[in-house]
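Got your viewer open? Let's take a walk through this one together, stop by stop, picking something to select each time.

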Amino acid sequence: VSWLAPLPRALRLVAVGLLGLALFNFPLLAVFDGDAVVAGVPALWAYLFGAWALVIALLAWIARSR
């Protein structure tokens, strides 16, 4: 995501926070609610842990960038 690099760190952290808010809000959660299974795990739980890991990875990337 090279276009984010010139932005100040605080602005990038706010952007990741807003992304997390969107990922864990109702419309996207409703998409994964149901009987679908991904690798033996309900799709909703797989989505929640995947989105959580993505937000943490982005925060770590921002925190380590100079």
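## Stop 1: the nonpolar patch

Select F24, V41, W45, F49, W52 and I56: together they make up a nonpolar patch on the surface, with about 620 Å² of accessible area between them. One thing to keep in mind as you look around is that this is a predicted model.

Which helix gives the most to this patch? That's α3, with 4 residues. Now click on V41, which sits in strand β2. V41 is partly exposed, because its relative accessibility is 34% and that falls between the 20% and 50% cut-offs.

## Stop 2: the rings

Keep W45, F49 and W52 selected and show their side chains. Ring pairs link these three into a cluster. You've already met W45, F49 and W52 as members of the nonpolar patch.

How many aromatic pairs are there? The count comes to 3. One of them is the pair of F32 and Y47, so select those two next. Their rings are stacked, with 4.2 Å from centre to centre and 10 degrees between the planes. This pair ties together distant parts of the chain: F32 belongs to helix α2 (residues 26-32) and Y47 to helix α3, and the two are 15 residues apart.

Turn on the surface and compare the two partners. Is Y47 buried or exposed? Y47 counts as buried, because its relative accessibility is 13%, which is under 20%. F32 is partly exposed, with a relative accessible area of 29%.

## Stop 3: L28 and its contacts

Stay in helix α2 and pick L28. L28 is partly exposed, with 34% relative accessible area. Which residues does L28 touch, leaving out those up to four places away in sequence? They are A22, L23 and Y47. So Y47 turns up again here, touching L28 as well as stacking with F32.

For a quick try of the distance tool, click the C-alpha atoms of L28 and L44. They're 9.8 Å apart in space, while the residues are 16 apart in sequence.

## Stop 4: the start of α3

Next, go to A43 in helix α3. A43 is buried, because its relative accessible area is just 9%, under the 20% cut-off. Show what surrounds it: A43 touches F32, A36, V37 and V38, again not counting residues up to four places away in sequence. F32 is the stacked partner of Y47 from the ring stop.

Try the distance tool here too. From the C-alpha of A43 to the C-alpha of D33 you should get 7.1 Å, for residues 10 apart along the chain.

## Stop 5: a loop with a twist

Now select A39, in the loop between β1 (37-38) and β2 (41-42). Is A39 buried or exposed? A39 counts as exposed, because its relative accessibility is 79% and the cut-off is over 50%.

Check the backbone angle while you're there. What is the phi of A39? It's near 55 degrees, a positive value in a residue other than glycine. Why stop for that? Because most residues other than glycine have a negative phi.

## Stop 6: along helix α1

Head over to helix α1 (residues 9-23) and find G17. G17 is partly exposed, at 43% relative accessibility. Draw a line from the C-alpha of G17 to that of V55: the separation is 8.2 Å, although the two are 38 residues apart along the chain.

Then move to L18, also in helix α1. L18 counts as exposed, with 53% relative accessibility. From the C-alpha of L18 to the C-alpha of F49 the separation is 17 Å, with their positions 31 residues apart along the chain. F49 is a member of the nonpolar patch where the tour began.

## Last stop: S65

Finish by selecting S65, in the segment after α3 (43-64). Is S65 buried or exposed? S65 is buried, because its relative accessible area of 16% is under 20%.

What does S65 touch, once residues up to four places away in sequence are left out? R9 and R12. Show the side chains of S65 and R12, and you can pick out a polar contact of 3.1 Å joining them.

Key
Residues numbered from 1 in each chain as written. Predicted model: local features only at pLDDT ≥ 70, side-chain atom pairs only at ≥ 80, totals over all residues. Heavy atoms only, no water. Buried < 20%, exposed > 50% of the residue type's maximum accessible area, 1.4 Å probe, protein only. Polar contact = N/O pair within 3.5 Å; in protein donor to acceptor, adjacent residues only side chain to side chain. Contact = heavy atoms within 4.5 Å. Phe/Tyr/Trp six-rings, centres within 6.5 Å; stacked < 30°, edge-to-face > 60°. Patch = residues over 30% accessible without salt bridge, like charges linked within 9 Å, V, L, I, M, F, W, Y side chains within 5 Å. Areas by Shrake-Rupley, 256 points an atom, 1.4 Å probe, with all protein chains shown as cover. Salt bridge = Lys/Arg side-chain N within 4 Å of Asp/Glu carboxyl O.
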